[in-house]
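Subject: Handover of a structure and the findings on it

Dear colleague,

Please find the structure below, with the sequence alongside. My account of what was found in it follows directly after.

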Amino acid sequence: MKKKRLFLLLILSALFLLLPAGTALAAPVFDTIVADGDVIDNDVVLFDDDLDVQTGGVINGDVTIFNGDATINGTVNGEVVIFDGDLFVGESGDLNGDCVLFGGAVD
């Protein structure tokens, strides 16, 4: 009886330890392209990557980018903060919040 209990505890412990590995190896939650019809209802934080919000794409949250550029042709309902990158806003781009750039330019 003790051996069965010990074996079961060992198996459950191994499964418990493997559970976070599956989550870590999963695909990224956010793609760096927000296409027409896509709606992101969350904050977006990118490191060493560019963000492209295409016409018809919507982000309902703040955008923070470290060492990357942002091209906005859609809508961002939140603040945009970019460290060491540039911000390009197209004619159809709509920023509904504050915009702060450190070490970059706005076009």
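I begin with one pairing: L46 has I65 in β6 as its bridge partner. The strands concerned, β3 and β6, run parallel and are joined by four bridges; two strands are said to pair if DSSP finds at least two bridges between them.

Before going further, the conventions. The model is predicted, so to speak of local features a pLDDT of at least 70 is needed, side-chain atom pairs count only at pLDDT 80 or more, and totals for chains, interfaces and linings use all residues. Residues are numbered from 1 along each chain as its sequence is written, and side-chain values use heavy atoms, with hydrogens and water left out.

Overall architecture

The chain has one helix and 12 strands; these are DSSP runs numbered from the N terminus, with helices (H or I) of at least four residues and strands (E) of at least two. Along the sequence, the order is α-β-β-β-β-β-β-β-β-β-β-β-β. The chain has 107 residues, of which 22% are buried; buried means under 20% relative accessible area, exposed over 50%, and partly exposed in between (1.4 Å probe, protein chains only). About 7300 Å² of the chain is exposed, and 61% of that area comes from carbon and sulfur atoms. These areas are from the Shrake-Rupley method with a 1.4 Å probe, and for residues only the protein chains shown count as cover. Among contacts in the chain with a separation of 6 or more, 2% involve residues 24 or more positions apart, a contact being heavy atoms within 4.5 Å.

The sheets

One open sheet has four strands in the order β1-β4-β7-β10, with parallel pairing. Its edge strands are β1 and β10 (87-89), each of which pairs on one side only. Within this sheet, strand β7 (residues 70-72) pairs with β10 in the parallel sense over three bridges, and A70 stands opposite L87 in β10.

Another open sheet, also described as parallel in its pairing, consists of four strands in the order β2-β5-β8-β11. Its edges are β2 (39-40) and β11 (94-95); each has a single partner strand, so one side of each lacks a neighbour in the sheet. Two bridges connect β2 with strand β5 (residues 58-59) in the parallel sense, and I40 has I59 in β5 as its bridge partner.

The two faces of β3

Side chains in a regular strand alternate between the two faces of the sheet. In β3, V44 and L46 make up the covered face, while V45 and F47 make up the uncovered one. L46 is also among the residues touched by T32, together with D49, D50, L51 and D52, when residues up to four places away in sequence are not counted. T32 itself lies in the loop between α1 (2-24) and β1 (33-34), and with 17% relative accessibility it is buried.

The aromatic residues

Which rings come together? The whole structure holds three aromatic pairs. Rings of Phe, Tyr and Trp (its six-membered ring) pair if their centres lie within 6.5 Å; planes under 30 degrees apart count as stacked, over 60 as edge-to-face, and the rest as tilted. F47 and F66 are stacked, because their ring centres are 4.9 Å apart and their planes stand at 5°. This pair links distant parts of the chain, with F47 in strand β3 (residues 44-47) and F66 in strand β6 (residues 63-66), 19 residues apart. F47 is exposed at 57% relative accessible area, whereas F66 is partly exposed at 30%.

The rings of F83 and F102 are stacked as well, because their centres lie 4.9 Å apart and their planes at 10°. F83 belongs to strand β9 (residues 80-83) and F102 to strand β12 (residues 99-102), so this pair ties together parts 19 residues apart in sequence. Both are partly exposed: F83 has 30% relative accessibility, and F102 has 44%. Ring pairs link F47, F66, F83 and F102 into a cluster.

F47 and F66 also contribute, with V45, to a nonpolar surface patch of about 290 Å². Patches are made of residues with over 30% relative accessible area and no salt bridge, where like charges are joined within 9 Å and nonpolar side chains (Val, Leu, Ile, Met, Phe, Trp, Tyr) within 5 Å. A salt bridge is a side-chain nitrogen of Lys or Arg within 4 Å of a carboxyl oxygen of Asp or Glu.

Yours sincerely
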